[in-house]
Amino acid sequence: MNRVAITVAGIGDAGFANLRGADRDHRSRLQRRWPAFSFLLRLRRSALAPFVVLFVVLTLSAESPGAPQAKIWEEFSGEKALAHVQRLVDLGPRPPGSGAIEKSRDYIENQLRLSGWQVTRQAFTDDTPRGKVQFLNLIARFPGQRSTGPSFLLCSHYDTKTFDTIRFVGANDGGSSTGLLLELGRVLGRHPNLAAKIELVFFDGEEAYEHFSEHDGLYGSRYFARQLGGSGAKQFRGGILFDMVGNRSLKITLPADSPAEMARDVFASAEALKLRSHFTYLDREMIDDHMPLNEIGIPTIDVIDFSFPWWHTAEDTMDKLSAQSLQIVGSVAAYYLSEFALK
Ligand SMILES: [Zn+2]
């Protein structure tokens with residue numbers, strides 16, 4: 001039904017003239033299957049005809065339960081994601097508590113709002129090896145009628161590691177996943193039914209000042225998980241954490257502690273898009289922001305490329321990234337959300 005409506009919408013007066021000469025059987029078959037077709041044929045000389053056709057088409061399109069789902073993975077733009085990363089990197093090093101990270105927050109918030117998201121700031125202070133530091137997570141939800149709230153988390157850290165001796169701008173580590181998540185937010189914002197199921201979280205303070213431990217590193221995700229607690233966690237059936245996803249020679253290395261079913265479905269998504277060769281398993285676990293979420297019972301997978309030679313060096317710069325890599329991760333993630341996680 002939907003296809004017939006769209007076909008009719010595509011033909012003007014000339015098309016109707018051709019239709020008059022068309023096979024009579026075909027026309028009567030259309031009339032039998034779709035009575036409104038006769039009505040349209042009678043209307044064709046009226047000045048109102050184009051509007052009536054448009055109305056009928058819009059009504060039918062909206063009501064067609066069998067209308068094919070949008071392929072949201074085709075809407076993801078690696079170029080747009082990379083442009084976000086560039087804007088963040090242009091701010092310079094963005095360690096917690098700095099003026100530059102505050103500017104990056106403004107940028108993230110503005111971009112999310114442009115895509116229709118409502119953003120809240122989750123501010124807190126924590127003890128670090130460098131004394132008390134102020135951190136701030138950004139949490140975005142899509143306004144809608146859904147009474148149950150979102151059920152799936154998409155996360156990235158947006159801080160860059162504090163270094164005293166090098167200028168560290170974290171193009172890949174902190175930048176790439178944040179740019180990717182902003183672009184995913186734009187794509188999801190075009191599909192409010194999907195977006196309403198999602199909460200976007202941008203963690204502060206992922207990086208350790210010295211060494212990862214219970215008291216150093218993962219500040220934002222640990223606080224977020226504590227605030228959610230056991231009961232709040234029940235609302236979320238899963239999550240994806242993105243980290244270091246822009247490497248030109250992309251090799252996503254899913255940590256060994258990935259929830260098995262999620263890893264399987266991510267691989268299947270990559271396979272479906274003929275991108276499977278960019279995805280593999282890491283031979284070990286990974287300390288990252290997915291851990292506090294898994295600990296409170298939200299199965300969360302860390303989509304990370306840990307084969308990045310410039311990790312935590314001054315060379316983690318824009319020239320190591322490509323729009324194509326962001327495109328690969330973004331489209332696989334969108335496919336996974338649409339065809340698995342949010343089904
Ligand atoms: Zn790092």
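**Exercise 1. Residue L342**

Determine which residues L342 touches in this predicted model, leaving out residues up to four places away in sequence, and decide whether L342 is buried or exposed.

*Solution.*
Step 1. Locate the residue: L342 belongs to the segment that follows α13.
Step 2. List the contacts. Not counting residues up to four places away in sequence, L342 touches F152, L194, K197 and L337.
Step 3. Examine one of these partners in space. K197 is 145 residues apart from L342 along the chain, yet their C-alpha atoms are separated by 7.5 Å.
Step 4. Classify the environment. A residue is buried if 20 or more other C-beta atoms lie within 10 Å of its own. L342 has 20 C-beta neighbours inside 10 Å and therefore counts as buried.

**Exercise 2. Helix α13 against helix α11**

Describe how the axes of α11 and α13 are placed, and state which residues form the contact.

*Solution.*
Step 1. Define the elements: α11 covers residues 260-272 and α13 covers residues 323-341.
Step 2. Give the geometry. The two axes come within 9 Å and cross at roughly 115°.
Step 3. Assign the orientation. Angles of 65 to 115 degrees count as roughly perpendicular, and α11 and α13 are therefore roughly perpendicular to each other.
Step 4. Assign the hand: α11 passes α13 in a right-handed crossing.
Step 5. Name the residues. On the α11 side they are D265, V266, S269, A270 and A272, which meet V332, Y335, Y336, E339 and F340 of α13.
Step 6. Sort the contact of α11 with α13 by class: 7 residues are nonpolar, 1 is polar and 2 are charged.

**Exercise 3. Helix α8: length and burial**

Establish what span the 19 residues of α8 should have, and how many of them are buried.

*Solution.*
Step 1. Compute the expectation. Helix α8 comprises residues 171-189, and at 1.5 Å a residue its 19 residues should span 27 Å. The expected span is 1.5 Å times one less than the number of residues.
Step 2. Compare with the model. The end C-alpha atoms of α8 are 25 Å apart, which agrees with the expected span.
Step 3. Consider burial. Of the 19 residues of α8, 18 are buried, and the helix is mostly covered.

**Exercise 4. Two partners of α8**

Describe the packing of α8 against α6 and against α13.

*Solution.*
Step 1. Begin with α6, residues 78-89. Its axis and that of α8 come within 8 Å and cross at roughly 135°.
Step 2. Classify the pair: α6 and α8 are therefore oblique to each other, and α6 passes α8 in a right-handed crossing.
Step 3. Identify the contact. From α6 it takes K80, A81, L82, H84, V85, L88 and V89, and from α8 it takes A171, G175, S176, T178, G179, L180, L182 and E183. By class, the contact of α6 with α8 holds 8 nonpolar, 5 polar and 2 charged residues.
Step 4. Turn to α13. The axes of α8 and α13 come within 10 Å and cross at roughly 45°, an angle that makes α8 oblique to α13. This crossing of α8 and α13 is right-handed.
Step 5. Identify the second contact. S176, G179, L180, E183, L184 and V187 of α8 make it with L326, V329, G330, A333 and A334 of α13. The contact of α8 with α13 divides into 7 nonpolar, 3 polar and 1 charged residues.

**Exercise 5. Residues L293 and P129**

Classify L293 as buried or exposed, do likewise for P129, and list their contacts beyond four places in sequence.

*Solution.*
Step 1. Place L293 in helix α12, residues 290-295. With 26 other C-beta atoms within 10 Å, L293 is buried.
Step 2. List its partners. Leaving aside neighbours within four places in sequence, L293 is in contact with L153, S221, A225, G239, I298 and T300. The C-alpha atoms of L293 and R226 are separated by 9.3 Å, although the two residues are 67 residues apart along the chain.
Step 3. Place P129 in the loop between β1 (118-128) and β2 (131-141). A residue is exposed if 12 or fewer other C-beta atoms lie within 10 Å, and P129, with 12 C-beta neighbours inside 10 Å, therefore counts as exposed.
Step 4. List its partners. Not counting residues up to four places away in sequence, P129 touches Y209, E210 and D216. P129 and D216 are 87 residues apart in sequence and 7.3 Å apart in space, C-alpha to C-alpha.

Technical notes
Residues are numbered from 1 along each chain as its sequence is written. This is a predicted model: local features need pLDDT of at least 70, side-chain atom pairs count only at pLDDT 80 or more; totals for chains, interfaces and linings use all residues. Axes are lines fitted to C-alpha atoms, for helices over the stretch in contact, and angles run from 0 to 180 degrees between N-to-C directions. Helices (H or I, at least four residues) and strands (E, at least two) are DSSP runs, numbered from the N terminus. Angles under 35 degrees count as roughly parallel, over 145 as roughly antiparallel, 65 to 115 as roughly perpendicular and the rest as oblique. A crossing is left-handed if the near helix is turned anticlockwise from the far one by less than a right angle, and right-handed if clockwise. Two residues are in contact if their C-beta atoms, placed from the backbone, lie within 7 Å. Ala, Val, Leu, Ile, Met, Phe, Trp, Tyr, Cys and Pro count as nonpolar, Asp, Glu, Lys and Arg as charged, and the others, Gly among them, as polar.
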